[in-house]
Amino acid sequence: MSVLSLLSLCWSNSVRMFLGFAFPFYSSLHAVRSRSTDEVHPWLLYWMIFFLFESVFTGPINWLSARASAVNLIIMAFYVYLQLPRFKGVVALLSTFNSFLDNHSDRIEKKLEETDAKVKALMRIYLSLSGRP
């Protein structure tokens, strides 16, 4: 990777994070100070999506960004879509997610219970093998 490519990647990542963080942070503070749940609710949803997106997809995003600079532009456009009241992207995404949860919540709960039981069984085995009560 050339120095110019590396600088371009750093610049686009910085702009992406600024766009995804600075305006929403200011708007969130403004909404909290207004004490209006109608203003706070969309920003709470935004931060949930932002965190999920940045934490889950950071590795793949950085890998793709190093190979195609358009990836950061697409992510920036996604953040703008989520932020602007005109598009109500956060509400649309939440509506889709709620629909998914409504259709699959029973299966999700069942899988969570099964996983919890398996983890507890593994912990009991581990503790018994390690000599801990």
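This is a short talk on the fold, the core and the aromatic rings of one chain.

Good morning. A caution to begin with: the model is predicted.

Start with the fold. The chain has four helices and zero strands. Read along the sequence, the pattern is α-α-α-α. Now the contacts. Take those with a separation of 6 or more: 60% of them join residues 24 or more positions apart.

Next, the surface. The chain has 133 residues, and buried ones make up 20% of them. The exposed area is about 10,200 Å². Carbon and sulfur atoms supply 69% of that area.

On to the interior. The largest nonpolar core holds 13 residues. Which of them have the most contacts inside it? Those are Tyr-46, Phe-53, Ile-75, Tyr-79, Leu-82 and Val-90. Two elements give two or more residues to this core: α2, spanning 37-67, and α3, spanning 70-83. Helix α2 provides the largest share, seven residues. As background, nonpolar side chains in soluble globular proteins tend to be buried together.

Stay with Tyr-46 for a moment. What does Tyr-46 touch, leaving aside its neighbours within four places in sequence? The list is Gly-20, Pro-24, Tyr-79, Leu-82, Gln-83 and Val-90. Three of those names, Tyr-79, Leu-82 and Val-90, you just heard among the core residues with the most contacts.

Now the rings. The structure holds 13 aromatic pairs. Take Phe-21 and Phe-25. Their ring centres are 5.4 Å apart, and their planes meet at 15 degrees. Why does that count as stacked? Because stacked requires planes under 30 degrees apart, and this pair sits at 15 degrees. Both residues lie in helix α1, residues 3-34. They are four residues apart, about one turn of the helix. Phe-21 is partly exposed, with a relative accessible area of 39%. Phe-25 is partly exposed too, at 41%.

Set against that Trp-43 and Tyr-46. This pair is edge-to-face, at 5.6 Å centre to centre and 70 degrees between the planes. Both residues lie in helix α2, three residues apart, again about one turn. Are they buried or exposed? Both are buried.

Finally, the wider network. Ring pairs link a cluster of Phe-21, Phe-23, Phe-25, Trp-43, Tyr-46, Trp-47, Phe-50, Phe-53, Phe-78 and Tyr-79. Both pairs I described have their residues in that cluster. Tyr-46, Phe-53 and Tyr-79 also appear among the core residues with the most contacts.

That's the tour. Thank you.

Conventions. Residues numbered from 1 in each chain as written. Predicted model: local features only at pLDDT ≥ 70, side-chain atom pairs only at ≥ 80, totals over all residues. Heavy atoms only, no water. Buried < 20%, exposed > 50% of the residue type's maximum accessible area, 1.4 Å probe, protein only. Contact = heavy atoms within 4.5 Å. Areas by Shrake-Rupley, 256 points an atom, 1.4 Å probe, with all protein chains shown as cover. Core = buried A, V, L, I, M, F, W, Y, C linked by side-chain atoms within 4.5 Å. Phe/Tyr/Trp six-rings, centres within 6.5 Å; stacked < 30°, edge-to-face > 60°.
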